[in-house]
Amino acid sequence: VARMSARLRRQAKRTDRITRYVQKVYPYAQITAKLLGEYEHDLSNIGSERDREMYLKLAEAELKAEFEGDLKEMTVTQGHILVKLIDRETGHTGYELVQQLRASFQAWMWQGIAKLFGQDLKGEYDPEGDDRLVESVVRRIQNGELATIPRAARTDKALARLEKRKARLQRRYGVATPV
């Protein structure tokens, strides 16, 4: 009977954990990439700066309504993997996304908070280097070898919260929601 060495057991345990985490967060990365693509398309068609700001506030409210509860339940490692996968799906680091959707100061502040927890929003996804294991799990998911729990964007609960936020923002700014 062959026995695994302690080193191999630790490595197998780490691989299993990363696999479970990627299976959990990959659907979130896909939804985020889709939503961010929609936002970029919509923003390119909005001319007024005031309407753009209104749209960005609504987009932020939508993302919060959609993901806030789920994100609070994730571990730090799952969050780190999610940020890497969002970079993989969108081609933008977490820092760049915060900078686009909020402002440079906000991005700098969030980067500082991430650093306190040992993370880096400016870190890029590296499928050949540090993120080799994550990339192999994603490829297995894409090839149908591993299952993920599909998560539909815009849940009923998120839509209800979003409608409340839209109404509040529209009352405050008096601007019709850009479409």
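Modeller: Let's start with the largest pocket of this predicted model. Its lining is made by 34 residues, and those nearest the centre are Leu71, Val83, Val98, Trp110 and Leu121.

Biologist: Happy to start there! What volume does the largest pocket have?

Modeller: The volume comes to about 1500 Å³.

Biologist: And which helices supply at least two residues each to the lining?

Modeller: Those are H1, H2 (49-72), H3 (76-90), H4 (94-101) and H5 (104-116). Helix H2 gives the most, with nine residues.

Biologist: What classes of residue make up the lining of the largest pocket?

Modeller: There are 20 nonpolar residues in the lining, along with seven polar and seven charged ones.

Biologist: Now to helix packing. How should I read a pair of helices?

Modeller: Two packed helices are described by the angle between their axes and by the distance between those axes. Here, take H1 (residues 6-44) and H6 (residues 132-142): their axes come within 9 Å and cross at roughly 55°. That crossing makes H1 oblique to H6.

Biologist: Is the crossing of H1 and H6 left-handed or right-handed?

Modeller: H1 passes H6 in a right-handed crossing.

Biologist: Which residues make the contact between H1 and H6?

Modeller: On the H1 side, look for Arg14, Thr15, Ile18, Thr19, Val22, Gln23 and Tyr26. Helix H6 brings Leu133, Val134, Val137, Val138, Ile141 and Gln142.

Biologist: How does that contact of H1 with H6 divide by class?

Modeller: Eight of the residues are nonpolar, four are polar and one is charged.

Terms used
Residues numbered from 1 in each chain as written. Predicted model: local features only at pLDDT ≥ 70, side-chain atom pairs only at ≥ 80, totals over all residues. Heavy atoms only, no water. Axes fitted to C-alpha atoms, helices over the stretch in contact; angles between N-to-C directions. Helix = DSSP H or I, 4+ residues; strand = E, 2+ residues; numbered from the N terminus. Parallel < 35°, antiparallel > 145°, perpendicular 65-115°, else oblique. Left-handed = near helix turned anticlockwise from the far one by under 90°. Contact = heavy atoms within 4.5 Å. Nonpolar A, V, L, I, M, F, W, Y, C, P; charged D, E, K, R; others polar. 1 Å grid on protein atoms, 1.4 Å probe; cavity = no way out; pocket = protein on both sides within 12 Å on 5 of 7 lines; lining within 4 Å. Points joined across faces, edges and corners; volume = space filled by probe spheres on them.
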